[in-house]
Amino acid sequence: MSLELVIGNKNYSSWSLRGWLLVELSGAAYQETLVPLFRADTHARLLEHSPTAKVPVLKWDAGVIWDSLAIAEYLAERFPEAAMWPRDVAARAMARSVCAEMHSGFGALRSHMPMDMQRNAPLASVTDDVKHDIQRIVAIWTGCRERFGQGGPYLFGEVSIADAYFAPVASRLRSYGVQLPAEAAAYVETIFQWPAFQRWLQAALKE
């Protein structure tokens, strides 16, 4: 079975980062294809890989998977030995819930703090809706860690799909210099020490 992951710019594409970390978590061998974003031919080039012209896209022998949650579920099913979701049923249910919330929510944070891994400067002002998003994210992290984080420094102890989902948020919060409670700040540091995340970060800084 051959896998090809199609992504956008590593500095800017938060969804690509999620997809890439998911494939890394699976342990599967894969080919990486990067389509530069924000160019005149970007849409046409992405349509060669995906019906939505969006990234990430995971291509495999039987077709194309073009949504990050679908990619997560496919990889978790295809590579069960990787234990990409938490093993405990209650932890797994919570992990799926917070990933779904991240997948569909936090529009203010996305709009006002787009991922830019080369940035190191706060916003001049932070709107109330962005503050609300940050507070909710901190609450999610705190709840996951308090209930299921005893086995390690990640949200559910061991690294999981949930960490891949929140890694771009950790990147944003550091890039924009957001002050966080101690435990949330420690989790951001955990993400930045994650070897897979570090490989992506170093590539992003060189773009």
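**Exercise 1. Which domains does the domain assignment of the protein give, and how do they meet?**

Before you start: this is a predicted model, where local features need pLDDT of at least 70, side-chain atom pairs count only at pLDDT 80 or more, and totals for chains, interfaces and linings use all residues. Residues are numbered from 1 along each chain as its sequence is written, and side-chain values use heavy atoms, with hydrogens and water left out.

*Solution.*
- Step 1: read off domain 1 (3-82) and domain 2 (89-194); the bounds come from an automatic or database domain assignment.
- Step 2: check the contacts (heavy atoms within 4.5 Å). Here 17 residues of domain 1 touch 20 residues of domain 2.
- Step 3: get the buried area, meaning the accessible area (1.4 Å probe) that two parts lose on being put together, summed over both. That comes to about 1600 Å², with 64% from carbon and sulfur atoms.
- Step 4: Asn11, Arg18 and Leu25 supply 35% of what domain 1 buries against domain 2, more than any other three residues.

**Exercise 2. Find which residues of α9 are buried, and what they pack against.**

*Solution.*
- Step 1: locate α9, a helix (a DSSP run of H or I, at least four residues, numbered from the N terminus) at residues 195-206.
- Step 2: pick the buried residues (under 20% relative accessible area, 1.4 Å probe, protein chains only; exposed is over 50%). They are Ala196, Phe197, Trp200, Leu201 and Ala204.
- Step 3: look at the face turned away from them, which carries exposed Pro195 and Lys206.
- Step 4: follow the buried residues to their packing partners: β1 (4-7), α1 (14-26), α7 (161-175) and α8 (182-193).

Key. Helix = DSSP H or I, 4+ residues; strand = E, 2+ residues; numbered from the N terminus.
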